[in-house]
Every structure is written in C-alpha cells, then in structure tokens.
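Visitor: I am new to protein structures. Could you show me how to read a few features, one step at a time?

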Amino acid sequence: MIFPLFLLLFSNTDLSSVIYYSGDRIHFKIDSSLVKIYGNAEAKYGNLSVSSDTIFYNLDRKFLTAKGGVLFNDGSSDTRAEMMTYDINRGIGDAFNAKTDAENGWFFGKRIRYFEDNVLRIKNGYYTTCELDPPHFWFYSPKMKINIDESLVAEPVLLLVQDLSLIHI
C-alpha cells in the first residue's frame, strides 16, 4: 500500500513537497508528527528514495531515519548502509557503515555525509575498484572530501594490498 504524505505546513504546498511512503505496517503519531514505517519500508521525495527494514520520519523537522538494510538513491548513485539519517530541509544526510558507487569503483566509510551540492565527506573510509568482498586492495584515509565528478581530497592516504600497507602519502 502506498500513501502520499502531503506536508501541508504552508498554504502554497506543491508536488515537490510530497513524500510517498509504503511498508508492511505504518504508524502515524499525530501528537508527535512522527510516521513509523515497518517491514519493506520505502520513502520517496523528489529524486531521492530510501528503502530499509524500518523508516522513521518526523513531519515537523522533515527528518528521516532509516535502519536495517538501507538502500539510498539520490538520482545518480546508490548507497548501502546499516543506518542513515537525512535532513530534507538542509539537504544533508549521514550513512553509517556504508558503501556508495563511484565512477569505476566504490567508497566505503564508517560515516559518509552527503551534501546537496554533490559533495561527500567520508570518515574512516577507503576507495577501491576491486569487485571482491573484502577487496584485495584499497586506498584508506581517515578523512576524505569528494566533489562528485570533480575532485578528491584525502589525508593521509595509505595504499593497502591484502591488509599490508605499501605506500603512505
């Protein structure tokens, strides 16, 4: 069952403020403006979509939390995570213990922070083009900043092959 959730917080509500959600079980707590979606939970807002075991959405704050088998898509790439939060007003999200697609490879991180302007910040993360899990080689850095399709800044950087550090940059 799919329900459109109209955010009638302002009189000029348009279709861009509609959130579509579905799940096996949905609870709406009117007093706290909280929607709880359990089992095969999905939510869509504009070009953003998230699916997971459980989704909590606060209507007043426009803040979403997804837990368990999270799959997030921003319209251009997929991110898989154990847990994710996303602030719709600010266009900022955090994915925890996450993996995201990158051109010809993947970024992994304990925390991947998404910004509206195609910028990622990754904490304790690595990049690899190896398709195996776990990968045979990767570049590790405790902090990275990625401007999608433009640049990557990371420091320090370690090249690891089979858990052996080969190069420290």
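**Strands, hairpins and hollows**

Guide: Gladly! Let's begin with strand pairing: in this predicted model, β6 and strand β7 (residues 78-87) run antiparallel to each other and are joined over nine bridges.

Visitor: Which residue in β7 does L64 stand opposite?

Guide: Look across from L64 and you will find Y86 in β7.

Visitor: How many residues lie between β6 and β7 in their hairpin?

Guide: There are four residues between the two strands of this hairpin. In the turn, G75 has a positive phi of about 100°.

Visitor: And what does β7 do with β8?

Guide: β7 also pairs with β8 in the antiparallel sense, here over seven bridges. To follow one of the links, start at T85, whose bridge partner in β8 is D94. β7 and β8 form a hairpin too, with four residues between them, and G91 in that turn has a positive phi of about 70°.

Visitor: Let's go back to the loop between β6 and β7, where S77 is found. Is S77 buried or exposed?

Guide: For this we need a cut-off: a residue is called buried when its relative accessible area is under 20%. S77 has a value of 16%, so it counts as buried.

Visitor: Which residues does S77 touch, leaving out those up to four places away in sequence?

Guide: With those set aside, S77 touches F72, T100 and D101.

Visitor: Now for the hollows. What volume does the largest pocket have?

Guide: A pocket is an open space, unlike a cavity, from which the probe cannot get out. The largest pocket here has a volume of about 660 Å³. It is lined by 31 residues, and those closest to its centre are D74, S76, S77, N118 and I148. So S77 turns up again, this time by the pocket centre. Among the elements that give two or more residues to this lining are β8 (92-102) and β9 (105-115).

Visitor: How do the residues of that lining divide?

Guide: They comprise 15 nonpolar, 10 polar and six charged residues.

Visitor: How many cavities of 30 Å³ or more does the structure hold?

Guide: It holds two, and the largest cavity has a volume of about 120 Å³. Its lining includes L64 and Y86, the pair you met standing opposite each other. Two or more lining residues come from each of β4 (34-45), β5 (48-58) and β6 (63-73). By type, the lining of the largest cavity has nine nonpolar residues, one polar and one charged.

Terms used:
Residues numbered from 1 in each chain as written. Predicted model: local features only at pLDDT ≥ 70, side-chain atom pairs only at ≥ 80, totals over all residues. Heavy atoms only, no water. 1 Å grid on protein atoms, 1.4 Å probe; cavity = no way out; pocket = protein on both sides within 12 Å on 5 of 7 lines; lining within 4 Å. Points joined across faces, edges and corners; volume = space filled by probe spheres on them. Nonpolar A, V, L, I, M, F, W, Y, C, P; charged D, E, K, R; others polar. Pairing = 2+ DSSP bridges. Buried < 20%, exposed > 50% of the residue type's maximum accessible area, 1.4 Å probe, protein only. Contact = heavy atoms within 4.5 Å.
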